[in-house]
Structure formats: structure tokens, C-alpha cells
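I opened this entry to keep track of what I looked up, item by item. The structure comes first, then my notes.

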Amino acid sequence: MERVITAFAPHTRRYLYVGGEYSRQGSSAISHGQMYVEHLVPVEVTKQHPLLFIHGDGMSGTNFLNTPEGKPGWADFFMRQGYEVYIVDQPARARSPWQSTLDGNTSTFDTYMIESHFTATQYYKLWPHAELHTQWPGNGSRGDPIFDAFYRSTLPRLTSAVETSRLMKTAGSKLLDTIGKPVILFTHSQSGQFGWILADSRPNHIHSIVALEPIGPPFQNAVFGTDPARPFGLTEIPVQFSPPIQSPQDLGPLVAIDHGPNYTCLLQHSPARQLTNVSKVPVFMVTSESGYHSVYDGCTVQFLRDAGVDVLHLRLEDLGIKGNGHMMFMEKNSEEIADVVLGWISSGKVNA
């Protein structure tokens, strides 16, 4: 049953910038790599661990402030439960400045990509179950006011996943140091790998991770191509394994355990190397019924479990939550999904 968020949470708001370093420009200097952070504090904080939200590719922190049709978003939902909230704009994105003389190239998603991947997948049917998508508000296509509002919130993003990862590791680690107590880290899509990178960098600063369809599968892309990616399994840059590795090749030879159209699940051979620091952090991974991650999130889960990570994986349809896509936290039943996540972060259990 759809549940509608109707109340914005009374709160105080401030912003800060973390990270960044000066780089010489002629006879002076400019700052590069800093990250914008919005800090929202409800009138009464009743929960021990702050929440930290990191948005996905082509997006910004506005994803979590309200939905495209103007309803309160997940930030308000969780503040109403007593949680302090931090929301970022990734470095070189949105209010985190992109410096043309220092940062790499950027690209922008066109309307076809947003419609076919996120908002109107039922019409394009690019992967199995895409036609089951029913929860996006409006028709999900250009010209619909809700789609137009959402599309105009998308932003140019760095084309290099390695550059983005390095910037996010530096600024994200600094943010965790600044917050100074363990956070519950929410990641989505592209930012999924930042959860593993930051858990590796600051395992004692992350209480747990809620991974909403995190980027995957291991070692190569799927659905829209099968080119190599994420050479360290689920990340573009190194994370610590035990036994240690000197290069990505040390994780091989890889074993293919599942195949499908434009999809192969590649895992470490047994015994798998363990993720030394990431395995210290419990993970709750959520997959929608109709999003393209429904093809391969199970492979991502298996890679993590093989590497010693405690993962609870929920497919929303298993709780009777039907019709959601990749942007589930902005869709018509977003509060119903937030309730499920709340059950896990409150008790470590999923409440049906």
C-alpha cells in the first residue's frame, strides 16, 4: 500500500565544506577537491548514530531532500524518527566546485538515458522485469512536469570513475573525521563503491551501510555492456584484502558462476581473499523489483559474503513491495521503503 509523506520535519540547517587543497594558479592559488555537506538536525535528536547520504551518478544531495513532485524526502522521514542527517554533493559536482583547470572531463545524461534507465523503464524494456515498473510518479517521460522537474535536477559528472573515487575517498574520509562518531552510511548506485572505499578507509567511523542498488556487478559491467570495470571487485581503487594483494590480478583467476544476456557473475576463486576493513561493517542491501540491478545485485552480495562481509539482502518484492525502480527512494511509495530501512537500522531486522 502506498504511504504518503506529508510532514516536513522541524530542524536546524547548516552547511560546511570538507577536504580540498590549494593548487597554484599563476601567481596565486585556487582550492580543489572540497566537498559540500548539508547538516540537518531535528528539533529533538533521539538516535545515537547520524545518517550520511551519498547520491548517485549525475545526481546531487537534493535526491534526499524532497521528491520530484515536492513531497518530503528521506531526509525528513528520518529526521522525524530523531536522526541527525548529513547530505553531500560529491566533489566536482553541484555545490562542490568543478575546477576546469584541475578536474577531469564531465558528461551529462540525456533524457533518453534517464527515461530508459530510471523513470519510464516499462516502455523501453531493456532488461528482464523492466516492464514491471509502476511506482514512478507521472509518466516518466519528457514533457511530464514531474519528469521535467527531476531531469532538470541532474548535473554534469566526472567521466572518470577512478578520479571520482579518489576525490570521494579523500573528502569522505575527512568528513567522517569531522563528524567524529560512527555514522549509518547510505549509498545509491554509483556511490555504492564509495561505501566500500570509506569503510576501508575509516571502518571505525561507520556503524553500518545501507546500500541501495550499489554499483556492480564485480569486475565488469552488465546489462548495458560487458566491458571490464571495478578491477578490485566492487571498487575502482584499491581496498585492503587479506591475504594482501599487490595488483588486481592477485584476485584471480576469477570464476564465472552465472550467465545471462549481457551479464556474467564473476567471483574470486575459493578460498576468497577477505576484505580486511569492509568486513567490520554490516551491510543492508536493497534491490527493487524492476530496476536493472535486479539482474545482478545477487552477484554483488555473493562477492561481499565470500570476502567476509555480513550482508542482509532484501528484494522489495519479497515483502510484497511491487513496481519500484532504481530511484525507489523518490517514488510514490518511498515512505513504505523507508519504513523497511528504518526497521533494519533500528534493530538489525527487516519488519514485514
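**Helix α8 and its surroundings**

I began with what the buried residues of α8 pack against: strands β5 (51-54), β9 (183-188), β10 (206-212), β15 (283-287) and β16 (311-315), together with helix α1 (74-80). I note here that I am working from a predicted model.

Next I listed the buried residues of α8. They are S334, E335, E336, I337, A338, V340, V341, L342, G343, W344 and I345. That makes eleven of 14 buried, so I put α8 down as largely enclosed by the rest of the structure.

I checked the length of α8 too. At 1.5 Å a residue, its 14 residues should span 20 Å. The end C-alpha atoms are 20 Å apart, so expectation and model agree. Just after α8, I found G348 with a positive phi of about 80°.

**The nonpolar core**

Which residues have the most contacts inside the largest nonpolar core? I got W74, F78, F186 and I345, in a core of 95 residues. Helix α8 (residues 334-347) gives the largest share of this core, seven residues.

I then followed I345 outward. Leaving aside neighbours within four places in sequence, I345 is in contact with L51, F78, Y83, I184, F186 and V210. Two of the core residues with the most contacts, F78 and F186, are thus among the partners of I345.

**V18 in strand β1**

I looked up V18 next. V18 sits in strand β1 (residues 11-18). Its relative accessibility is 4%, below the 20% cut-off, so I count V18 as buried.

What does V18 touch, leaving aside neighbours within four places in sequence? I listed G33, Q34, M35, V37, A171, K174, L175 and T178. I singled out A171 from that list. V18 and A171 are 153 residues apart in sequence, yet their C-alpha atoms are 6.1 Å apart in space.

**Pockets**

I moved on to open space. Rolling a probe the size of a water molecule over the atoms shows where empty space is left.

The largest pocket has a volume of about 650 Å³. I counted 35 lining residues, with D57, R157, Q190, I215 and N221 nearest the centre of the pocket. The elements giving two or more residues to this lining are α2 (111-119), β8 (157-158), α5 (161-179) and α6 (192-201). By class, I recorded 14 nonpolar, 16 polar and five charged residues in the lining.

For the second largest pocket I noted a volume of about 160 Å³. Its lining is made up of L126, W127, P128, H129, V223, G260, P261, N262, Y263, S294 and V295. I sorted these into seven nonpolar and four polar residues, with no charged ones.

**Helix α2**

I returned to α2, one of the elements lining the largest pocket. Is α2 largely enclosed or largely open? Eight of its nine residues are buried, so I wrote down largely enclosed by the rest of the structure. The buried ones are T111, M113, I114, E115, S116, H117, F118 and T119. Their cover includes α3 (121-124) and α4 (145-151).

**Backbone exceptions**

I ended with the backbone. Most residues other than glycine have a negative phi, and most peptide bonds are trans.

Where are the cis bonds I noted? One runs from G252 to P253, with omega near 0°. P253 lies in the loop between β11 (241-242) and β12 (255-260). Another joins S270 and P271, with omega about 0°. I placed P271 in the loop between β13 (263-267) and β14 (274-275).

I also logged positive phi values outside glycine. K125 has a phi of about 50° and lies in the loop between α3 and α4. V223 has a phi of about 70° and is found in the loop between β10 and β11.

Are K125 and V223 buried or exposed? K125 is exposed, with a relative accessible area of 55%. V223, at 9% relative accessibility, counts as buried. I had already met V223 in the lining of the second largest pocket.

Definitions and conventions:
Residues are numbered from 1 along each chain as its sequence is written. This is a predicted model: local features need pLDDT of at least 70, side-chain atom pairs count only at pLDDT 80 or more; totals for chains, interfaces and linings use all residues. Side-chain values use heavy atoms; hydrogens and water are left out. A nonpolar core is a set of buried Ala, Val, Leu, Ile, Met, Phe, Trp, Tyr and Cys residues joined through side-chain atoms within 4.5 Å. Buried means under 20% relative accessible area, exposed over 50%, partly exposed in between (1.4 Å probe, protein chains only). Helices (H or I, at least four residues) and strands (E, at least two) are DSSP runs, numbered from the N terminus. Contact means heavy atoms within 4.5 Å. On a 1 Å grid over the protein atoms alone, a cavity is a set of points where a 1.4 Å probe fits but cannot get out, and a pocket is an open set with protein on both sides within 12 Å along at least five of seven lines; lining residues have an atom within 4 Å of a point. Grid points are joined across faces, edges and corners, and a volume is the space filled by probe spheres set on the points. Ala, Val, Leu, Ile, Met, Phe, Trp, Tyr, Cys and Pro count as nonpolar, Asp, Glu, Lys and Arg as charged, and the others, Gly among them, as polar. The expected span of a helix is 1.5 Å times one less than its number of residues.
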